[in-house]
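Biologist: Please take one part of this model and go through it closely. Then work outwards, so that I can see what surrounds that part and how the rest is arranged.

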Amino acid sequence: MFDRDLVYEKLRDLLGDRVSREEHIRHSYVGDTGWLTLYHVFKGIKAPLPDIVVFPKNAEEVSGILKVANEFRVPVIPYGGGSGVWGGTIPLYGGIVVDMKLMNNIEINEEAMTVTAEAGVISYELELRLNEKGLSMGHYPASMFSATVGGMLAARSSGVASTKYGKIEDMVLGLEVVLPTGEILRTPIKPRYTGAVGPDLVHLFVGSEGTLGIITKATFQLHPLPEKRIFSAFSFRTLEDGYRSVVKMLSRVTPAVVRLYDEEEVMKSKFKTYTPPEGIRGALLLLIFDGFGEMPELEEKIARQICLENGGSYLGDDPARKWWNERFRHYYPPLSPSSNLPMIYGTIDVAATFDKLIRIYREIKETLYSKYGNYQLQTAAHFSHWSKSGGMVYLRFYVLDPPDDPEETIKLRENIIETAIRITAQMGGIINDHHGVGLDLGRHMELQHRPIGIDILRKIKKVLDPNWIMNPGKLGL
Amino acid sequence: MQLPDKIMNMVKSCAFCYLMCRHYCTISIVQRMNQSTPTGRAMLLYRLLNKEIQLNEDIAYVFYNCTNCGRCYIACETKISNPPEWIEETRYMLASRNMITEKVRALRENILRHGNTYGLSGDKLLDKISDMEEIFEGWSDTLYYVGGDIRSRHAEIAEKTIELFRKLSINVKVLRDEPPDGGILYIFGFRNEARKLATRLIEKIKSSGVNRIIVSDPLAYASFKVYYPKMGINLGGLEVVHVLELLSEKPMKFDRLAVKVTYHDPCFLGRRSTGVYEPPRMLLKKIPGLELREAAFNRDNAFCCGGLLQPIDEYWAKKVAEMLAERLGSKDVDLIVTACPRCHDSLRNIGVKTLDIVEILNEQYLPGV
């Protein structure tokens, strides 16, 4: 246990009144928007609180905070938008929450086609500023109204147009990171995220979820705002027909958005993320192509041909356009799953290569229904965030009528997740695509990386963070 | 501590939302802290009502640290909750327990004692208009309700409005002793006092024999249109129009004025009342040479000036005004035109040149053309 008063005074010396330990401020930083945090609040279950919340304005201040934290061995939880879903910002052992949102400068370099943004810039603010200059990052996560640059990098965020523009990790060209001991690392800004200069330091910190340091600034590549968007939708008698079409088209064209919905998401689930047109049976595919000149139309033509050859029926452009225009709607209450607490809900967003992905999906679904059928479990899934070699399945699960006992409920949810994660890992998949690991998936990291892999991660952590102060208990570290 | 069921459902909706209006909330954009988002406030309130945290003045501040601008409601795609409504209800609960901040207490005193939010004494109208007695005593079927903030600090708005009315042969009377409309008191949770003031005002207006009220101050306009129905105050057939609605219906010609302006939509003339968006634009477009530039965020989406935060927290009110000036592109135009005394205060305090739309209309009006 550290001397709270002394640490508070030291931080006051550094940051003046941007240090809080009032009860209501501490209560405002209990975690994220994930089920675990919200369930605790909903049920009024006591959860860990940070001891102090700080609001730095630059990397030097962050460095000062980490030096104090190191001196007094205080846990530090970097905090962005708080829009995570796996409990990555829950202050498990109390300590200092570092809210980064006051670091919100944006510098656009039009000549380089890059933007440098501080960690606390909110995704929407960044995209808005770029759009004013006819530019875009092409990054549109569902959390863009609240997620920050630092948080997106720390948890490997992905936007709905990632099939064309990549995930956040594909966009980042350079980083400023404050190391746990207070040194400030500024990596060179590379024209692409790799570069033949040895192992890449940027990607040591991308996805590190606050366990290896605090990202304070990042440089990203930019694109011109597309001149047009072409929408297209297809129904398929079976999911396999749709899946085959997507796999084939991805080696020929590059859609911005490719979303293949399973039958539950199309028809059955009460909590589906999208309401498709009436009368669709089987699977539904939504495609969006964006760009310039005739390219988007040409790409759509090729994709349409592939879909038709693989049993697809063309539904026109309206379903995909409607989805694009209304895609945030289902995150608002009362449509959002969180509005139905104490219902159990969660997302299995796992990735795999083309040969494995649909098999993993089938296996997870069948196992969940057979194992948890007596809880009236429901699922709804779609495939999206594709690459040239694979993609992600986003399977939501719901237990509408969970047990009354909170412990039993929390355990039930853990078991459902564990079942799905074990199947994924055993079948050679990646246990999370773009929500990160946080607290909920931390215990499965060894399954993912094997003992030798997790040992390497622990050794790296020990070197960078000798006192193990950075976001302890997350990422399985 | 308890809130009505309807309000409690709104609080729950916001508390368990995925922060889907953070990007629109005025305070959240500038303060950037969790407790300054509608979700953050709702979550604190939820815990407060569940007795997980104890009420104190620091927590009370969280519920006064909101401009009531209503941008959050615009961002909410399902319109399931209207945060200004539950914020106002919470303030009512706080006021009933006398758990109010010092500044809020001072604001209440200013309105009750001086009839304006500034705490200024004296009626500046009398200095501005020489034959004011005639307007006080004369007969008309139309009352011009000026509002305390304009009378005490922005009398030029009323002066120019009355001048223009005269040029247009619009005969109005003004109450010599004009009770505050009570809207701000209602917004800050002092419902009983608000109702008393409103009742007094309406009785006075009714006894003056008018059947129509013209209003300048957007907050007063919102009182008549939005808050009186909430207070259960019956206007008894009195028609209420904003000055700009009335003027936009008059055939008017204007002299040339070569300026680039952006019109800033005051919250309480727009999304927080009846959406008076067209009349000011229609009027400005009639002025030859005037280039009207639209801000990227206007009408329902307009940014707030922070005016209602001014008496509560000057520091953050200033930050809000700076954000507004930037979002309006105030450096790219000659001046910002608006129609609210508090918007003038906010922008002028940070050195932005503003004029009230009526001042321009009166100056450029060409009689008899």
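Modeller: Two strands are taken to pair if DSSP finds at least two bridges between them. Strands (E, at least two residues) and helices (H or I, at least four) are DSSP runs, numbered from the N terminus. The part I choose is the hairpin of strand 8 and strand 9 of chain A, which has five residues between the strands. Within this hairpin, Gly182(A) takes a positive phi near 110°.

This is a predicted model, in which local features need pLDDT (the predictor's confidence in each residue, from 0 to 100) of at least 70 and side-chain atom pairs count only at pLDDT 80 or more, whereas totals for chains, interfaces and linings use all residues. Residues are numbered from 1 along each chain as its sequence is written, and chains are lettered from A and ligands numbered from 1 in the order in which they are written. The scores are ipTM 0.96 and pTM 0.97. For chain B the mean pLDDT is 96, with 100% of its residues at 70 or more.

Back to the hairpin. Strand 8 (residues 172-178) and strand 9 (residues 184-186) of chain A run antiparallel and are joined by three bridges. Val178(A) stands opposite Ile184(A) of strand 9. Strand 8 of chain A also pairs with strand 10 (residues 214-221) of chain A, again in the antiparallel sense, over six bridges; there Val177(A) has Ile215(A) as its bridge partner. A residue counts as buried if 20 or more other C-beta atoms lie within 10 Å of its own, as exposed if there are 12 or fewer, and as partly exposed in between, with C-beta atoms placed from the backbone. Six of the seven residues of strand 8 of chain A are buried, so this strand is largely enclosed by the rest of the structure.

Two residues are in contact if their C-beta atoms, placed from the backbone, lie within 7 Å. Leaving aside residues up to four places away in sequence, Val172(A) touches Leu153(A), Tyr193(A), Val202(A), Val206(A), Ala218(A) and Phe220(A). A nonpolar core is a set of buried Ala, Val, Leu, Ile, Met, Phe, Trp, Tyr and Cys residues joined through C-beta atoms within 7 Å. Val172(A) is among the residues with the most contacts inside the largest such core, along with Val98(A), Leu285(A) and Val393(A); this core has 253 residues. Helix 14 (residues 218-231) of chain B gives the most to this core, with eight residues.

Val98(A) leads to another sheet. On strand 4 of chain A, Val98(A) and Ile96(A) point one way and Val97(A) and Asp99(A) the other, and all are buried. An open sheet of four strands in chain A has the order 1-2-4-3, with mixed pairing. Its edge strands, each paired on one side only, are strand 1 (19-20) and strand 3 (76-79) of chain A. Strand 4 (residues 96-99) of chain A runs parallel to strand 2 (residues 52-54) of chain A, with three bridges between them; Ile52(A) has Ile96(A) as its bridge partner. Axes are lines fitted to C-alpha atoms, for helices over the stretch in contact, and angles run from 0 to 180 degrees between N-to-C directions. Helix 1 (residues 4-15) of chain A packs on this sheet and touches strand 1 and strand 2 of chain A, its direction making about 10° with that of strand 2. Strand 3 and strand 4 of chain A are also parallel, over four bridges, and Ile77(A) has Val97(A) as its bridge partner. Helix 4 (residues 59-72) of chain A lies across strand 2, strand 3 and strand 4 of chain A, at about 170° to strand 4.

Helix 14 leads to chain B. An open sheet of three strands there has the order 1-2-3, with parallel pairing. Strand 1 (142-145) and strand 3 (239-242) of chain B are the edge strands, and the twist averages 25° from one strand to the next. Helix 14 of chain B packs on this sheet, touching strand 1, strand 2 and strand 3 of chain B, and makes about 145° with strand 2.

Finally, the two chains meet through 37 residues of chain A and 27 residues of chain B. Helix 2 of chain A, with four residues, supplies the largest share of the chain A side.
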